[in-house]
Amino acid sequence: MSEPVSPSENEPQPDEASEPRRREPVFNLPPVVLAVIGICAVVYLLQQYVLNETQQMTLLYDGAFIPVLYTGQYGFDWFLFTRPFTYAFMHGGVAHITINMIWLAAFGSPLANRLGALRFAMFYAVTGLASVALFWALHPYGEMPLVGASGAISGMMGAAARYGFRVDRSSGRGAFAGEPLPVASVLRSRGVMTFLGVWMVINLATGLLGFAPGIDGQIAWEAHIGGFVAGFFGLRFFDRPLAAA
């Protein structure tokens, strides 16, 4: 049974009537995230629809990360400096790029809004580098090219865990909120640890068993772990201090 409501309770309060609520648009990606998605999309379209087979192989060799090239057996070329970064803008198929771009939009947007464009770009580069560093350490003589933004995106997931997945949308632009949590606090958070546990199991299952629907080739779970660890423990080097109230 409903209780009667007085007329004054139905009328909007002065502050509510004069200040419209800010709502976050459904599609509101930060420019730096859109730029990364755009670069990945352009590279993929070039690979699939513009370059011939010889040019595709050249782009793959010069742009992808190939561990064995860093053992010193094949001499020196200038692309040794760029491959650990350019590989993160290349993808192996429609499902691969689609899944990565969805996760990039989901985790990259609140992180970019928190860090700012420059810090986010540096975070993307460093976590992507950490991904191939661990992959190379475990497979120094591997010959299969490694491509994809998954390592850097895993770094964003690590950062999200340090914020406890807290997002502030009051400004109309969702951004991770609060100071990064101490590692001990993250480990005590049931929600965060449940998410990370599920994510870890999926990574290991798809990588070790080689099962990933719609994706050709094996999933480099080692690169995912490398990016995650770098993002989780290295976030404080990129975090932008909160403004004082």
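This report walks through a predicted model of a protein, from its overall layout down to a few single residues.

**The overall layout**

The protein has 11 helices and 2 strands. Reading from the N terminus, the elements go α-α-α-α-α-α-α-α-β-β-α-α-α. Out of 245 residues, 39% count as buried. If you take the contacts between residues at least 6 apart in sequence, 75% of them join residues at least 24 apart.

**The core**

The largest nonpolar core holds 44 residues, and the members that touch the most others are Leu104, Leu111, Phe120, Phe123, Leu146 and Met156. Two or more residues of this core come from each of helix 3 (31–50), helix 6, helix 7 (117–138), helix 8 (150–162), helix 10 (190–209) and helix 11 (221–234).

Phe123 is a good one to click on. Setting aside residues up to four places away in sequence, Phe123 touches Leu111, Leu115, Gly155, Met156, Ala159, Gly231, Leu235 and Phe238. Two of those partners, Leu111 and Met156, are also on the list of core residues that touch the most other members.

**Helix 3 and its two sides**

Now turn to helix 3. Its buried residues are Val32, Val33, Val36, Ile37, Cys40, Val43, Tyr44 and Gln47. These residues lie on the same side of helix 3, because they span an arc of only 150° around the axis. A bit of background helps here: an α-helix has 3.6 residues a turn, so residues three or four places apart point the same way.

What do the buried residues of helix 3 pack against? Their partners are helix 4 (53–63), helix 6 and helix 7.

Over on the other side of helix 3, Pro31, Tyr49 and Val50 are exposed. Take Val50, which sits in helix 3. Val50 counts as exposed because its relative accessibility is 55%, and the cut-off is over 50%. Apart from neighbours within four places in sequence, Val50 is in contact with Leu45 and Gln55.

**Two pairs of packed helices**

Packed helices are described by two things, the angle between their axes and the distance between the axes. Here are two pairs to look at.

| Helix pair | Angle | Axis distance |
|---|---|---|
| helix 3 and helix 6 | about 165° | 9 Å |
| helix 7 and helix 8 | about 115° | 7 Å |

Are helix 3 and helix 6 roughly parallel or roughly antiparallel to each other? With an angle of about 165°, helix 3 and helix 6 are therefore roughly antiparallel. Helix 3 passes helix 6 in a right-handed crossing. On the helix 3 side, the contact is made by Val32, Val33, Val36, Ile37, Cys40, Ala41 and Tyr44, and helix 6 brings Val94, Ile97, Met101, Leu104, Ala105, Gly108, Ser109 and Ala112.

Helix 7 and helix 8 pack at an angle of about 115°. That makes the two roughly perpendicular. The crossing of helix 7 and helix 8 is right-handed. Helix 7 makes this contact through Phe120, Phe123, Tyr124, Thr127, Gly128 and Ser131, while helix 8 uses Gly151, Ala152, Gly155, Met156 and Ala159. So Phe123 turns up again here, and its contacts with Gly155, Met156 and Ala159 are among those listed for it above.

**Two buried residues of helix 6**

Ser109 belongs to helix 6 (residues 94–115). Ser109 counts as buried because its relative accessible area is 7%, and the cut-off is under 20%. Not counting neighbours within four places in sequence, Ser109 is in contact with Leu29, Pro30, Val33, Leu104 and Gly174. Among these, Val33 is one of the buried residues of helix 3.

Asn100 is in helix 6 too. Its relative accessible area is 6%, so Asn100 is buried as well. Leaving out residues up to four places away in sequence, Asn100 touches His91, Gly148, Ala149, Ser150 and Ile153. One of these partners is far off along the chain: Asn100 and Ser150 are 50 residues apart in sequence, yet 6.2 Å apart in space, C-alpha to C-alpha.

**A loop residue to finish**

Where does Phe165 lie? Phe165 is in the loop between helix 8 and strand 1 (167–168). Its phi is positive, about 60°, although Phe165 is not a glycine. Phe165 counts as partly exposed, because its relative accessibility is 27%.

Methods. Residues numbered from 1 in each chain as written. Predicted model: local features only at pLDDT ≥ 70, side-chain atom pairs only at ≥ 80, totals over all residues. Heavy atoms only, no water. Helix = DSSP H or I, 4+ residues; strand = E, 2+ residues; numbered from the N terminus. Buried < 20%, exposed > 50% of the residue type's maximum accessible area, 1.4 Å probe, protein only. Contact = heavy atoms within 4.5 Å. Core = buried A, V, L, I, M, F, W, Y, C linked by side-chain atoms within 4.5 Å. Arc of directions from axis to C-beta. Axes fitted to C-alpha atoms, helices over the stretch in contact; angles between N-to-C directions. Parallel < 35°, antiparallel > 145°, perpendicular 65-115°, else oblique. Left-handed = near helix turned anticlockwise from the far one by under 90°.
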